[in-house]
Amino acid sequence: MKNVICFTVTALAAVLLSCSSGDRRSGVVTLDWWQFWTDPSVKPTIEQIVADFEAQNPGINISITDLTWANGHEKIVMAFASGTAPDIVELGSDWIPELSSAGKLADLTGDAAGDSADFSAWTPGTYDNQIYAFPWILGTRVLYINTVLMTRAGYDEDFVPFNWPQLKELCYKIDSLGKDMYGFGANAAEKHRLYKKFLPFLWSNGGSIMSRDGSFSTIASDKSYAALKFYKELCDSTGMVDTQRRLEDAFLEGKVGVIISGDWLLKRIRNEQHDIPFITALIPGPKFPGKSFVGGEYLAVSRQSKYKSAAIKFIRFLTSRDNQLLFCKANYTATPSSKTAAKDPFFAKDPQLQTFVKQLNLSKMPKVDQHWVYIEDVLETTLENVLYQGAPVAESLYEAKLEIEKIVSGQ
Amino acid sequence: MRARNFTGCLFTLPRIISFLLFWLFPLLYSLLLGFTDYRLMRPSFQWVGFDNFIALLSDRAFLISLKNTFIFVLGTIPVTTVTALFLALLIEKKFPGRTIFRSGYFMPSITAMVVIALVFANLYSRGGYIYLLAEMLGLAPPENGFLLDNRTALISIMAMDVWMSVGYYMLIFLAGLKSIPRELYEAAEVAGAGAWCKFRSITLPLLKPVALFIIVINTIKSFQVFVEVFVMTKGKYDTSTAVYFIYESGLNRFEFGYASAAAYILFLIIAIFSLVQFRLFRRRAIW
């Protein structure tokens, strides 16, 4: 019996030792990378880029863990809070301040200095003048217009609404085409989505949510009032109110004339082989083309990572011009964070992708704020109340301002 | 004897350890957190006494979620219980194809809630079958679908919940009906009792323990309604419930202290409801 126990203990110890020291003996570093690209049409490209990196860097292995947008945020925050965060993590642009302000991310300021000129959209990755995340793939929203409905409404096929009155008139005329026909696809009170559709109208009219120093809210302004009033009128008079996915379904079925969406819809149209006749156009402002919302995926390194330099090496490889292009082509994505990649002929020769590239230059991100999760909640509740529960615009904006200031002041 | 006790303890040890580690400890720890301002990403936290509980009682979002939870509980339990009893009485009779009906009613209870919620979200939307049926019947359904309207969203979720759970409770009632001695009915028939009289004087009183069991477990389940709301509306359109509020506070904003306090308020409410139900039924129950 004693011999059996001795043998078992020795065998277990040998197995454990071989597991724990193998990498160290051979000098191979394994980096954990948590990422969100699980789509079967994109994942092979991610794996190919990783394989290329490992081939060029024999001392570094990358272990990929897939996350989903449904619960990725929870998993990431839990992992950081419990000290089990991966070396490298892909983050949504509005999640970064939450982690950087809590000191969970490695400061990449020095490492990013050489790259800053070629990348756009550093702002979400920056907190307190320090850089904590590299921009990777960005995503903006543009107008999608059904050209058949537009011509039936009396417009030329190449008409593009440049300003709010033109947009409203176009939507109104399409809406008048028939009973089950709608002019504008208005987002229902969907979490994390509704505010992204309103902010372009707010920004295009010169409005904002927070003051420059972030100490008070500027949402209760005449500019915000005009923007929200216009958006409400557009939704009320011509809108089909539904979730983003169902609005896109309705657009593809030819029931909605105009919707706001991202480049994922381009990809869907291509992959599902829809023969819908459409054009993409810049989001109109009150007088001229206006601003759109831009979000993006960023790459950050955990502060606890023992292999910071290897992690940064991988991030540089992933965000290099060539690999961003490879990724964008595979994913039919129009908005790389690399400025030189965005100039590639691949984007220029495709008019739909070109709209996204142009819109990206006219896009904004919400101000970096550690309280953003709460501010977003207030914003969405305000929009829900005004758009779908008949709350008065001016009073609701003022209440939102008070709520946001309560949050910012820590009450 | 001592050796046998020791062996017995060894066998029960895994269960005891898992109970202590994964049930009792989290339960007591969350009670403790309810008295702190613990947030996941903060390095430290402080004891705040009853502050979280006091803040919750004036938090509009929490009060709305409690109101919705009460509407859900009070709206679904009577309908579910009465429908389940009615179906059990029907199914108990012998008729051709009885098994098919029994399986059919029970089927939703063994289907994943997420799947059911997704299917119903489609049925309730503009152009969905329920929406079209309502239109055909001239009921003027909400323009944007049942789930995108404050007046109908919660009630639509409640209707789905009744449909889903009625089969399970029907089976429990059926088991209760089977356990009632046939002699009682025979004696009643000899005494000239009709069907209604037998139901009122024999079936109902003898089903009271079963009804109590169903009402108590359904109450606890209904107070914890979450998945339906999470999948179908994400708490929008006046459908946020207490557990959804706890989820939002705990796993979206990571305010663990606040969320724990809310969870214990819900725990207290469920405990009070269950006690009241036990008291009410115990008065005249035949066990």
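In this predicted model, the contact between the two chains draws on 15 residues from chain A and 13 residues from chain B. On the side of chain A that touches chain B, three elements, α3 (72-81), β9 (239-242) and α17 (372-388), each supply at least two residues. Sorted by class, that side of chain A consists of 8 nonpolar, 1 polar and 6 charged residues.

Chain A itself is built from 18 helices and 13 strands. For its 411 residues, a compact globule would be expected to have a radius of gyration near 22 Å, and the value of 24 Å found for chain A agrees with that expectation. Taken along the principal axes, the C-alpha atoms of chain A fill a box of roughly 90 × 50 × 50 Å, and 44% of the residues of the chain count as buried. Among the contacts in chain A with a separation of 6 or more, 75% are made by residues 24 or more positions apart.

Chain A is divided into two domains, each assembled from two stretches of sequence: domain 1 comprises 31-140 and 295-364, while domain 2 comprises 142-282 and 371-408. The centres of these two domains of chain A, taken over C-alpha atoms, are separated by 28 Å, and the contact between them takes 18 residues from domain 1 and 13 residues from domain 2. On the domain 1 side of this contact, α4 (96-100), β6 (133-140) and α16 (351-361) of chain A each supply at least two residues, with α16(A) giving the most, namely 5 residues. The residues on that side of domain 1 of chain A divide into 5 nonpolar, 9 polar and 4 charged.

A helix pair in chain A can be followed in closer detail. Two packed helices are described by the angle between their axes and the distance between the axes. The axes of helix α7 (residues 164-175) of chain A and helix α9 (residues 222-238) of chain A come within 9 Å and cross at roughly 10°, which means that α7(A) is roughly parallel to α9(A). From α7(A), the residues A:Trp164, A:Lys168, A:Cys171, A:Tyr172 and A:Asp175 take part, and they meet A:Phe230, A:Leu234, A:Ser237 and A:Thr238 of α9(A). By class, this contact of α7(A) with α9(A) holds 5 nonpolar, 2 polar and 2 charged residues.

Turning to chain B, one finds 12 helices and 0 strands, so that every element in the order from the N terminus on is written as α. The C-alpha trace of chain B spans about 75 × 75 × 35 Å along its principal axes, and 31% of its 287 residues count as buried. Of the contacts in chain B between residues at least 6 apart in sequence, 69% join residues at least 24 apart.

Each chain also offers a backbone detail in a loop. In chain A, A:His192 has a positive phi of about 65° although it is not a glycine; A:His192 is placed in the loop between β8 (182-187) and α8 (194-204) of chain A. With 15 other C-beta atoms within 10 Å, A:His192 is partly exposed, since that class lies between the limits of 12 or fewer for exposed and 20 or more for buried. In chain B, B:Tyr237 has a positive phi of about 55° and is likewise not a glycine, and B:Tyr237 belongs to the loop between α10 (227-232) and α11 (242-252) of chain B. B:Tyr237 counts as buried, because 26 C-beta neighbours lie inside 10 Å.

Note on methods: Residues are numbered from 1 along each chain as its sequence is written. Chains are lettered from A and ligands numbered from 1 in the order in which they are written. This is a predicted model: local features need pLDDT of at least 70, side-chain atom pairs count only at pLDDT 80 or more; totals for chains, interfaces and linings use all residues. Two residues are in contact if their C-beta atoms, placed from the backbone, lie within 7 Å. Helices (H or I, at least four residues) and strands (E, at least two) are DSSP runs, numbered from the N terminus. Ala, Val, Leu, Ile, Met, Phe, Trp, Tyr, Cys and Pro count as nonpolar, Asp, Glu, Lys and Arg as charged, and the others, Gly among them, as polar. The radius of gyration is taken over C-alpha atoms; the globule rule is 2.2 Å times the number of residues to the power 0.38. Axes are lines fitted to C-alpha atoms, for helices over the stretch in contact, and angles run from 0 to 180 degrees between N-to-C directions. Angles under 35 degrees count as roughly parallel, over 145 as roughly antiparallel, 65 to 115 as roughly perpendicular and the rest as oblique. Domain bounds come from an automatic or database domain assignment.
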